[in-house]
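This briefing concerns a single protein chain. Please consult the sequence and the three-dimensional view below before reading the points that follow.

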Amino acid sequence: MNLTVTFQTPGCADGTFIIKAKGGLAATLYWADETAPIEGWSPLASIPLTPSGQGIFHLTGKRSIPPEATHVLARTIMPDLCRREEFLAPIPTPYRSSFLKKKTSLCVMSDLHLTNRPGKIRQALFRASHADLLLLIGDLVNDGLPDQFEMLSHCIQETLPGTPVLPVAGNHDYPISPVPRISEGLSGYPSFQNHLMQRAKEYGLNWNQDPSGAYAVYTGPLKIIGLSAATHWRKLTFQKERQLTFLEQQLSDRTKNELGIIMCHAPLLAHNPQRKPKTAHPYLTKDNALQKILDAHKKFIYLSGHTHLSPNIPAGCAEHESAGSRIYINTGSVRPTDLKTNEPLIPSDWKDGTILDLNITEGTIEITTKSIQTGTKYPRAYYRFPLPQ
């Protein structure tokens, strides 16, 4: 058996993996140390072998190599389905990743779609207990009903009593048709956002609420801007034009050292890995207007949801525009995800609901996505980009 790996860029996992295993049926690739796959990580790929025992896998999308990985391991299944052979190929030292010292840890979730069964939501929230801040990127509940928001509020307080939570609305966070205020308290998304705003202020966060529903939160070197681009009839649109004006002001008014984090449920057409800008329609009615504002600014991360795409899709979930220091991330879904691939062999957990960790470190932004069910990290959803300067 033989495994040959050719990488293209230091620290980047893009490359070609060639397996030769006479008599083998299929091979699974893992990031590994000198003896075994690194603990807590899903496979990198599973590929069928030809009758001669050869398989080739090309990885693109600018994923990164985990710092624990010193080797690539190929595990081959033999025809009797009982025996397996393994081979380790070392990662050349210039291509390995270094360990990072974390400074700020954000956990990001999208598309919770809470109805009346909060078990999976509680499980997801528990996995955010390590974070300094939790960001919720829309479709928090399924029907926009007051009792659903009240249940979600209780889940947050019970599982994350010491963690600030910042939300934006998705198209499911408003009832399909307008309904009157049913009760006092958490009567819908606007009241839910106000509730979390007051809660965050108790933790010392400085929250600037605009009358349009958009807001900005300042924490250390981060300016987090929330855009609620949703309304009744399941539409993804800005209820008030003022939100885009507010965004423009907040991006322009940043200090030299502030990194912008923009939260918006709708992905932009030009930065959605499953959309073709020349032929597809945008999700958001103000897509062009929003994109124009973003193109005029630098040094930000744009977080979106809505697609329910697995971060393991071949195109990946993150895009880095180095010239403008811009990063676009589609954050998966707490609900089961859609893989949209024609690969013949895929690990069963690649369609699990996910959460995303966004770690701001010394000079680097680290993106890690994990399964809610198992906590397993996904190699195809691990990125390290230079911190925008």
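The points below cover helix geometry and packing, aromatic pairs, and backbone conformation.

The model is predicted. Its aromatic pairs number 13. Two non-glycine residues with positive phi, Asp111 and Trp233, are described together with their solvent exposure.

**Helix H3**

- Helix H3 comprises 14 residues, 189-202, and spans 20 Å between its first and last C-alpha, close to the 20 Å expected at 1.5 Å a residue.
- Its buried residues are Tyr189, Ser191, Phe192, Gln193, Leu196, Met197, Arg199 and Ala200.
- These buried residues of H3 pack against one helix, H2 (146-159), and against the strands E10 (165-168), E11 (206-209) and E12 (215-219).
- Gly204, just after H3, adopts a positive phi of about 90°.

**Packing of H1 and H2**

- The axes of helix H1 (residues 119-126) and H2 lie 10 Å apart, and the two helices pack at an angle of about 35°.
- The crossing of H1 past H2 is right-handed.
- On the H1 side, the contact is formed by Ile121, Arg122, Leu125 and Phe126; H2 contributes Leu152, Cys155, Ile156, Glu158 and Thr159.
- Classified by residue type, the contact of H1 with H2 contains six nonpolar, one polar and two charged residues.

**Aromatic pairs**

- One of the 13 aromatic pairs is formed by Phe17 and Phe57, which are tilted, with a centre-to-centre distance of 5.9 Å and 45° between the planes.
- This pair connects distant parts of the chain, since Phe17 belongs to strand E2 (residues 15-20) and Phe57 to strand E5 (residues 54-59), 40 residues apart.
- Phe17 and Phe57 are both buried.
- Phe7, Phe17, Trp31, Phe57 and Tyr95 are linked by ring pairs into a cluster.

**Positive phi outside glycine**

- Asp111 is not a glycine, yet has a positive phi of about 55°.
- The loop between strand E8 (102-109) and H1 contains Asp111.
- With a relative accessible area of 0%, Asp111 is buried, because buried means under 20% relative accessible area.
- Trp233, likewise not a glycine, has a positive phi of about 65°.
- Trp233 is located in the loop between strand E13 (222-227) and helix H4 (242-252).
- Trp233 has a relative accessible area of 51% and is therefore exposed, the cut-off for exposed being over 50%.

Note on methods
Residues numbered from 1 in each chain as written. Predicted model: local features only at pLDDT ≥ 70, side-chain atom pairs only at ≥ 80, totals over all residues. Heavy atoms only, no water. Helix = DSSP H or I, 4+ residues; strand = E, 2+ residues; numbered from the N terminus. Expected span 1.5 Å × (residues − 1). Buried < 20%, exposed > 50% of the residue type's maximum accessible area, 1.4 Å probe, protein only. Contact = heavy atoms within 4.5 Å. Axes fitted to C-alpha atoms, helices over the stretch in contact; angles between N-to-C directions. Left-handed = near helix turned anticlockwise from the far one by under 90°. Nonpolar A, V, L, I, M, F, W, Y, C, P; charged D, E, K, R; others polar. Phe/Tyr/Trp six-rings, centres within 6.5 Å; stacked < 30°, edge-to-face > 60°.
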